[in-house]
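Student: Please take me through one part of this model closely. Pick a single helix and show how it sits in the rest.

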Amino acid sequence: MVSRPRNTKLTSPYSSPATLEFLRESEAKEWIKRYREKAKEVGANDARIWWDRTINHIRRLRGDDAAFDLRQRMNRLNKRLTLLFPLVAARIRKPVSNWR
């Protein structure tokens, strides 16, 4: 049997720093999207409660540093979106009243 050299790119596709950075940024964007959808569905207060439970679950699974990093990325992306699209951000952040 002929022994072939192992290609590290095939055995560990997530070892590249650029790939890890891309995945982390993509995850932050996905959580921002999910939070906004939840806020539209159930209101801002309930979405906040949902997010607190979700980030605590992430903290338990991955550790404090990973949860902190995710929140930092989300805040940075959200701030960037606010600067680029101020009118859209104002509509998204408008408080939702549950009173009828």
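Tutor: What follows is a close look at helix H3 and its surroundings.

This is a predicted model, in which local features need pLDDT of at least 70, side-chain atom pairs count only at pLDDT 80 or more, and totals for chains, interfaces and linings use all residues. Residues are numbered from 1 along each chain as its sequence is written, and side-chain values use heavy atoms, with hydrogens and water left out.

Start with confidence. pLDDT is the predictor's confidence in each residue, from 0 to 100. Its mean over the protein chain is 80, with 68% of residues at 70 or more. Helix H3 (residues 44-62) has the highest mean, 95, while helix H1 (residues 8-11) has the lowest, 52. Residues 95-100 fall below 50. Where pLDDT is low, the predicted coordinates should not be read in detail.

The protein chain has five helices and zero strands. Helices (H or I, at least four residues) and strands (E, at least two) are DSSP runs, numbered from the N terminus.

Now H3 itself. Its 19 residues reach 26 Å from first C-alpha to last, close to the 27 Å expected at 1.5 Å a residue. That expected span is 1.5 Å times one less than the number of residues. Just after H3, Gly 63 has a positive phi of about 105 degrees.

H3 has two faces. Ala 47, Trp 50, Trp 51, Thr 54, Ile 55 and Ile 58 are buried. They lie on the same side of H3 because they cover an arc of only 135 degrees around the axis. The arc is taken from the directions from the helix axis to the C-beta atoms. The face turned away from that side carries exposed Asn 45, Arg 53 and Arg 60. Buried means under 20% relative accessible area, exposed over 50%, and partly exposed in between (1.4 Å probe, protein chains only).

Where does the buried side lead? Trp 50, Trp 51, Ile 55 and Ile 58 are among the eleven residues of the largest nonpolar core. Such a core is a set of buried Ala, Val, Leu, Ile, Met, Phe, Trp, Tyr and Cys residues joined through side-chain atoms within 4.5 Å. Helix H2 (17-42), H3 and H4 each give two or more residues to this core. Other members include Ile 32 and Met 74. Leaving aside neighbours within four places in sequence, Ile 32 is in contact (heavy atoms within 4.5 Å) with Met 74, Leu 77 and Asn 78.
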